[in-house]
Each structure stands twice: as C-alpha cells, then as structure tokens.
Amino acid sequence: MPISPQLLSPSIVVSLFCSSSGRNYTCFSQDSTLCSPAFTKMGSNKMESSSENIDLESDEESPLTLSQSAGAKQSFQFEASHTSVPKPKSHVLRKLHNTAFHSVSVVLFKAKINVLLPFGPLAVVLHYVTGHHGWVFFFSLLGITPLAERLGYATEQLACYTGNTVGGLLNATFGNATEMIISIYALKNGMIRVVQQSLLGSILSNMLLVLGCAFFTGGIVHYPKVQRFNQTAAIVSSGLLLMAVMGILFPAVLHFTHTEVHFGKSELALSRFSSCIMLVAYASYLFFQLKSHADLYDSVEEGRENNGDDSDDEDIPEITMWESITWLTILTLWVSILSGYLVDAIQGASESWNMPVSFISVILLPIVGNAAEHASAIMFAMKDKLDITLGVAIGSSTQISMFVIPFCVVVGWIMGQQMDLNFQLFETATLFITVLVVAFMLQEGTSNYFKGVMLILCYLIVAASFFVHVDKSDDE
C-alpha cells in the first residue's frame, strides 16, 4: 500500500533521518518527541519495509520526502552550529605554549649535530679554570659548529617566506655572520693577518669545498641526469669575483714591486679607496639582483615549476617567520660570545699544536664558519635546486669578497687599525687561480659529480699548501 505524502509528518521525517544516520545522538521533532538511540534502532527496523515500498510503489512521492528530510537535516545542523561552546583563554595559552615547545624541540633537539652544543659552555669554563689555549680553541670550534649550522637552518626557514632569490641572499648573509663576528673581534685585538687569512679561507672554502660537495652529492643522487642552473647569474657572480681579485691584487703588487709614492701609506690609501668602490659595486649588484633584473635569477626556477618538477611539500616551513627571526638573533649572540674566546686562543693553539697560524686561519676557521653554507648547499643540490645552491656557495663568496672584506677595511679605519687589501702574494695568487677554476666550471650552466670531485681535490691541494706555508709576519 503506497504511503501518501500527507501521512509523513515532520516527526516521522526526523525519526527517519535519525534512524538512517545510525549515529548516537539525540534529536527532537516538532511535537517534542524524543528520538532516543533505542527508539532510533526500533524505528529503523519498523520503517525498513515501508521505505522499500515507498521506493518501489511510489517513485513520484520520493522527492517530497527527501526535501522534507533535507530541511530537517539543515535545521539540525543549524541548531548544532549554534550550540558550539567558545574556546576558553586557557586553550589559547596552551596552544602558544605548545608552539614554543615545538620551536625549541625542532631547532635545538631535532638535528643530530646539536650534540656538540654543550662544548661551547665547556670552552668558556676551561678558559677561566685551566687557561689551556689548545683545549679552549678546540672546544670553541666544536661549540660554534652546530650554531653555524642552526643559523643556516633558521635562515632557510625564513627564506620560505621571502622567496628563492631573497632567501639565498639571507642564507649567505647570516651564514657569513660567524666570519664577520670573528673578524671584528680579531680586528679589535690587532690581529690583522688572522682577519685577512680567515676571510680568504672562507672564500676558498665556499668556492671549492662547499660547491664541490654540493655538485658531487647532487650528481650522485640525480645520476645520470645532468643538473642545470642559471648560467646568466653564475656569469655575473664570476665577474664580481674577478673584480674582487683585482681590488685585492693591486695593493699586493704595489707593495712587492716597491713602486709606492709613499712607502706604507699609498698601499693603505689605495686599499681604503678600493674598499669604498667595492662596497658601491656590491650595492649596485644587490639592486641588479633584487629589483632591476630579478627575472634573470628566477628564469630557471620558473621553468622548473612550469614543468611540475618541484613539489610544494619540500618548501613547507617548520617554524613561523617570527620564530625564525628570534632564533637568528639568539644564535648570533651566542656565536659572538664564543668567537671572542676562539680568537683569544688562536695563538696559543698554534703553539701547543705546532701548527701554523695561517693553516688555522685559512682552513680550520672557515670550515667551522661555513658549516651553515655547507649543509644548505648540499641539501638544495640533493633537491635539484642548484640555483639556490649557487646563491649560497658562490653568493657567499661574492658577499665576503665584495662586502665583508671591504667592510672590515672600513671598520679597521674607524678603529685606527691599518687593515688593508694586501693579502700577500701567496694568498692573492691562490685566490686568483681559484676564481679562474670555478669560473670555468660554471660557464656551461651544468653540473655533475665529476666537477664536484675536481673542486674537492683542488681544495685539498690548497689545504696542503697552507699547511707547509709560514707567513712572513710569523717569522718576524
């Protein structure tokens, strides 16, 4: 017997809705009849056969029934949405506490290299308790290494909110924060040769060791694919590096050819003038990179995104932008504290280890200071993002040669220290040959594991050369 639509009262429709859903909740009909779970179960059994008859015998009445049940469902959802309880303030505080705990756990406990963090306070304690410069220098190196790596991590998180070009610039800037802090402390103590050699070592380490390891790991992971990067940006960076070599070369040639107008003064005056020119050139490069010709630095990345090679999951940040800025501030302050103890212990460590100061300044200090660039460059190369890798490695070398070194000359000028661009013939020749080798490696716009092997082997030759090299000022 077909059921007329008039016989389906709103209470029966609500009961049908409750029974068909099968969920454990309580609903009310228009006549205030309670639909309990038991009633729902019983109603579902009794109405099962009736619903079949409705479907078979009276198809034209089904739309009316469905529209009434839909209206009841909407009214039920409306009542449920208006009965939600607002979140208390304690929930907000708990969420903030969980966010802070998550940030601390990610930055301080996630990376395995953070097991070296306790060596920093240990170096400070040994400085005041024993005064043994060898151990203080060694533990200071170990303590600064994870801090430099965490600086790179926080910069990468901040780069997720700024884009690839600005992110690479930020990574190079904060990655060089360790070198800048060490250089300022050394300048304050009058250790000009340590400043020159450590900055030179940072350039050599970034261009040979960091870039070589990135090319090698990227080539192995993506073998047999040939990785490509922005050739135009690489050529511009190579030109800046050659300009930096020219600025460093002329004061050295002027000094060792004894062609100065005023011996000892013309060399210093030329260095300060060249430093100001190099700072202007670097500021122009930033405007060229970020404003006027920004499309040149995004062309390869945009083509890669259009082909669908990049995945958005890799660029999801783990901490917020303000947390990244906070951690950058905290880590930079702690690095500056440890750098003071590190610089004070360099000479004593050289004597106790029977190792030249030039080797410590050119090889050991930059390896620790470039831990951030090293980790970042390898990570991005493994993700096939060589544009960011070059922005970190070559961009860091460009920033040191065109900004940090001239900046230290100007700071020394303000401090009354005779910091100049005369890096001596051996160091200048090493820098010149290194820039030429890397420029030839980058001119094709491609990379593979063999190029990485060649760059790493070149760095081993440079390290061996400085191990047997004794600075002339050390003998005097």
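This is a short talk about a predicted model of one protein chain, with most of the time spent on helix α9 and what packs around it.

Okay, the overview first. The protein chain has 476 residues, and 47% of them are buried. Its secondary structure comes to 20 helices and four strands. If you take the contacts between residues at least 6 apart in sequence, 80% of those join residues at least 24 apart. As for the surface, the accessible area is about 23800 Å², and carbon and sulfur atoms account for 66% of that.

Now let's go to α9. Find residues 192-221 on your screen, and then helix α8, which is residues 177-188. How do these two helices sit against each other, parallel or antiparallel? The angle between them is about 165°, and the axes are 8 Å apart. So α8 runs roughly antiparallel to α9, given that anything over 145 degrees falls in that class. The crossing of the pair is left-handed. On the α8 side, the residues in the contact are E179, S183, A186 and L187, and they meet I192, V194, V195, S198, L199 and S202 from α9. By class, that contact is six nonpolar residues, three polar and one charged.

Let me stop at S202, since we just met it in that contact. S202 sits in helix α9. It's a serine, but is it buried or exposed? Its relative accessible area is 1%, so S202 is buried, the cut-off being under 20%. Leaving out neighbours within four places in sequence, S202 touches E179, P366, N370 and I400.

While we're on α8, have a look at I184, which is also in that helix. I184 comes out at 32% relative accessibility, so this one counts as partly exposed. Beyond four places in sequence, I184 is in contact with F407 and M415. Also, the C-alpha atoms of I184 and S336 are separated by 9.7 Å, with their positions 152 residues apart along the chain.

Next up, α9 against α18. Here the packing angle is about 25°, and the axes are 11 Å apart. That angle makes α9 roughly parallel to α18, because under 35 degrees counts as parallel. This crossing is left-handed too. From α9, the contact residues include R193, Q197, L200, M207 and F215, and from α18 they include Q424, E427, T434, V435 and L442. Sorted by class, the contact of α9 with α18 has eleven nonpolar residues, four polar and two charged.

M207 deserves a moment of its own. M207 is in helix α9, and at 0% relative accessibility it counts as buried. What does M207 touch, leaving aside neighbours within four places in sequence? The list is L241, S397, T434, V435, V438 and L455. M207 and V437 are 230 residues apart in sequence, yet their C-alpha atoms are 9.5 Å apart in space.

Just ahead of α18 there's a loop, coming from α17, and N422 lies in it. Is N422 buried or exposed? N422 is at 4% relative accessibility, so it counts as buried even though it lies in a loop. Its contacts outside the four-place window are R193, Q196, P251, A252, H255, F256, E267 and S271. Then there's Q424, which lies in helix α18. Q424 has a positive phi of about 70°, and it isn't a glycine.

That brings me to another positive phi. N354 is in the loop between α14 and α15, just after α14, with phi at about 55°. N354 has a relative accessible area of 70%, so it is exposed, the cut-off there being over 50%. Helix α14 itself covers residues 346-353, and its buried residues are I346, G348, A349 and S350. Those buried residues pack against α6, α9, α13 and α15, so α9 turns up again.

Last one, and it's a backbone thing. Y223 and P224 are joined by a cis peptide bond, with omega at about 5°. P224 is in the loop between α9 and β3.

That's the tour, happy to take questions.

Conventions: Residues are numbered from 1 along each chain as its sequence is written. This is a predicted model: local features need pLDDT of at least 70, side-chain atom pairs count only at pLDDT 80 or more; totals for chains, interfaces and linings use all residues. Side-chain values use heavy atoms; hydrogens and water are left out. Buried means under 20% relative accessible area, exposed over 50%, partly exposed in between (1.4 Å probe, protein chains only). Contact means heavy atoms within 4.5 Å. Accessible areas come from the Shrake-Rupley method with a 1.4 Å probe; for residues, only the protein chains shown count as cover. Axes are lines fitted to C-alpha atoms, for helices over the stretch in contact, and angles run from 0 to 180 degrees between N-to-C directions. Angles under 35 degrees count as roughly parallel, over 145 as roughly antiparallel, 65 to 115 as roughly perpendicular and the rest as oblique. A crossing is left-handed if the near helix is turned anticlockwise from the far one by less than a right angle, and right-handed if clockwise. Ala, Val, Leu, Ile, Met, Phe, Trp, Tyr, Cys and Pro count as nonpolar, Asp, Glu, Lys and Arg as charged, and the others, Gly among them, as polar.
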